[in-house]
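Visitor: I would like to learn how to read the features of a structure like this one. Could you walk me through it?

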2 protein chains.
Amino acid sequence: MISLNLIKEISRPSATKIVLLVIDGLGGLPNPETGRTELETAYTPNLDQLAAKGICGLTDPVSPGITPGSVPGHLALLGYNPISFNIGRGALEALGIDFDLETGDIAARGNFCTVDKAGLVTDRRAGRISTEQSTKLCQLLDGLVTDGVKIIVRPVKEHRLVVVFRGQGLAADISDSDPQQVGVAPKALTALSPEASRMASIANQFVAQAEKVLAEHHPANMVLLRGFSKRPQFPTMGEIYKLRPAAIVSYPMYRGLAKGVGMEILKTGNTIEDELQTLKQNYNSYDFFFIHIKGTDAAGEDGDFDTRVALLEQIDRALSSLTSLEPDVIVVTGDHSTPALLRGHSWHPVPVLLYSKWCRPDRVSQFSESACLLGGLGRLPATQIMPLAMANALKLTKFGA
Amino acid sequence: MISLNLIKEISRPSATKIVLLVIDGLGGLPNPETGRTELETAYTPNLDQLAAKGICGLTDPVSPGITPGSVPGHLALLGYNPISFNIGRGALEALGIDFDLETGDIAARGNFCTVDKAGLVTDRRAGRISTEQSTKLCQLLDGLVTDGVKIIVRPVKEHRLVVVFRGQGLAADISDSDPQQVGVAPKALTALSPEASRMASIANQFVAQAEKVLAEHHPANMVLLRGFSKRPQFPTMGEIYKLRPAAIVSYPMYRGLAKGVGMEILKTGNTIEDELQTLKQNYNSYDFFFIHIKGTDAAGEDGDFDTRVALLEQIDRALSSLTSLEPDVIVVTGDHSTPALLRGHSWHPVPVLLYSKWCRPDRVSQFSESACLLGGLGRLPATQIMPLAMANALKLTKFGA
């Protein structure tokens, strides 16, 4: 595997532009009645035309047989080895709400939850209280100072919140308090290394204070914390690729991920049309665009084959507002497969299409799993997509004399 | 490459069952007269049907161009990187005769051989004396104690024996005494590291004693030792995959190998029909079955194209007693190629077929080298077969958030 350091050495800034369109959970499995996957069922003349002009293949986000979560799936697409790089969920959540995590800050994801008189969790989501209510409760908890550590509390959406611990000598490796089930008490937060004992102690003190403050606010009378983590320390896309990268994404987690690798987050709407409108408006200001479409994954998790087909057709119809900008490189792929049949992420390889003036086209003229199998990109680790996109944008110089 | 530690983290026990059918030396080369390989010549309607329902590919056991021995070939199939993992031949031989090697024991493979009056080897196999004779001679040598080290001697088959050294402070890295040719004297055993000097000294004392004991037992009047090794220290399949694995194999070396990775060895016969009968009888007690068929490799080594074809047809006819058990995942492949044309193991990639309810089928409808080339598994390292089989049996959870 090519190291990021090597890419950093040979990358150079240029005027060319790359658009990476990520259709979340793109890969599927055949409908038993028709023998065709979601992508093979959808009518996608524009994607097919792009496949005919470009070069296709199938990627493994992590390794054959391994089902990736969204974070490793996306890190791989952006060229980061998903086994050696990771972003903790707390940091992701904080970055996703545009909270400016400082070096040394420890962030945790939180839930407001309901506990009974015995202190046992009866609802891990506190009846999904409104974001408005949650915002008020977060204000009650925000700004506490414990043993010199400032505790910042911010609402995310509904019952979800972020807690940031800011102070000296904090380490992130502590356990979760969320028991992940009802009928039991929240767990004590424990240090997983000697360095984390201060963090565990302060987090437990915060939870005890929160319990008092929230006592009269049933159903949100307690908090559960998990995913303690720091802002990722890895090199940004700007450093590695010399790109000015921008993310057009609506879901907080993916905004956090994009911010974690140094992308600018562009304000956008919820539909593919909104996102492509944002692309058009900002086209002159950046040279790399990561556009993320979530619905296809959600429909896969719901086992909804037909909605996946409909969403793929919607993306296809909108595609001309992307291609009409004439980016030098267009990559269309997914972060993993989410077959409706499996109702979840899966290990199946993911179709990828790369179009540029400089790709060596293959004979694939349809964007589908079975057609991509015979494509010119072959079967490749997803981490190789960025080097290929960079090469096709003529942004990589020769390696070696 | 995915580490076994990562697989260990994401594997989980489940009720699904995996059958790995290894046809030793499966891959071939075209008969110059017909242009078809052994597998392409054989009439195999049942394997072809399984290929049509499943997904096919070609594997490299070690790396393209590398001809694997049986041990690396099998270790790769079971998911162990054959470059970093190994089982010494002495340990294999001991495990293969169901000898219970203890931690710290050093095992060596031995041959009874013939030496002349000058002490030069005239027959490395002592005229292939009978197992009965060899058993008696082993009893004469068994139980010697040298410098506090107990020496256990067991017959294997014909002239072959196992010598186990049991005591404190023994290291395995000593050279062989077998000169691998006649007309020369057995070599002195020498330590290959300072830690192994005690082992070398004791082994040389044993050889000297054996020479005296055997003096009057021509043609078996000397022993040759090689492959000094310890029981493998690596994680078992149970630890890595959370499987209850069983091996249905008749050859001692493969029994040793299977035992070395923690499989139960099931008593079975010599034919594919016997082996599948054993599978049926034990089907409820395990969730992973490794079935090994040796004849195809032996016929390849003999340059016997037609016998390879006949054996493949025999396997095909017997296949229904495997498929009728309806395992969740069936993998059919080989540990390497043994083309009759080359009369030996070769570096050519090996056909692999994976059937499960959850595989994404390809357009391959024939189980052959040329058809597998266009299969949906593509070209893959053999170490990726186990993660794929585990994924298809829904025994791997998601990696990362």
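Guide: Here is a short tour of chain symmetry, the interface, helix packing and some backbone details.

Guide: This is a predicted model, in which local features need pLDDT of at least 70, side-chain atom pairs count only at pLDDT 80 or more, and totals for chains, interfaces and linings use all residues. Residues are numbered from 1 along each chain as its sequence is written, chains are lettered from A and ligands numbered from 1 in the order in which they are written, and side-chain values use heavy atoms, with hydrogens and water left out.

Visitor: What rotation superposes chain A on chain B?

Guide: In general, two copies of a chain are related by a rotation about an axis and a shift along it. Here chain A is brought onto chain B by a rotation of 123° with 0.1 Å of shift along the axis, and the RMSD is 0.2 Å. That is the relation of a three-fold axis. The superposition is by least squares on the C-alpha atoms of residues with pLDDT of at least 70 in both copies. Of the residues of chain A, Leu374(A) comes closest to the rotation axis, with its C-alpha at 4.3 Å.

Visitor: How many residues does each chain bring to the contact, and how much area do chain A and chain B bury?

Guide: The size of an interface is often given as the accessible area lost when the parts come together. Chain A and chain B bury about 2200 Å² between them, 66% of it on carbon and sulfur atoms; buried area is the accessible area (1.4 Å probe) that two parts lose on being put together, summed over both. Pro64(A), Ile66(A) and Trp347(A) supply 24% of the area that chain A buries against chain B, more than any other three residues. The contact takes 31 residues from chain A and 25 residues from chain B, where contact means heavy atoms within 4.5 Å. Only 3% of the interface residues of chain A are also interface residues in chain B, so the copies meet through different surfaces.

Visitor: Now the helices, please. At what angle do α10 and α12 of chain B pack?

Guide: Two packed helices are described by the angle between their axes and the distance between the axes. Helix α10 (residues 272–282) and helix α12 (residues 305–318) of chain B pack at about 30°, with their axes 10 Å apart. That makes α10(B) roughly parallel to α12(B); angles under 35 degrees count as roughly parallel, over 145 as roughly antiparallel, 65 to 115 as roughly perpendicular and the rest as oblique. Ile272(B), Glu273(B) and Leu276(B) of α10(B) make the contact with Gln314(B), Ile315(B) and Ala318(B) of α12(B). Axes are lines fitted to C-alpha atoms, for helices over the stretch in contact, and angles run from 0 to 180 degrees between N-to-C directions. Helices (H or I, at least four residues) and strands (E, at least two) are DSSP runs, numbered from the N terminus.

Visitor: Which residues of α6(A) and α7(A) make their contact?

Guide: First, the geometry: the axes of α6 (residues 131–141) and α7 (residues 197–214) of chain A come within 10 Å and cross at roughly 125°. That makes α6(A) oblique to α7(A). Leu137(A), Leu140(A) and Leu141(A) of α6(A) make the contact with Phe206(A), Ala210(A), Val213(A) and Leu214(A) of α7(A).

Visitor: Where should I look along the backbone?

Guide: The peptide bond from His218(A) to Pro219(A) is cis, with omega near 10°, and Pro219(A) is in the loop between α7 and β8 (222–229) of chain A. In chain B, the bond from His218(B) to Pro219(B) is cis, with omega near 10°. Another place is Arg128(A), which has a positive phi of about 45° although it is not a glycine; Arg128(A) is in the loop between β4 (121–123) and α6 of chain A.
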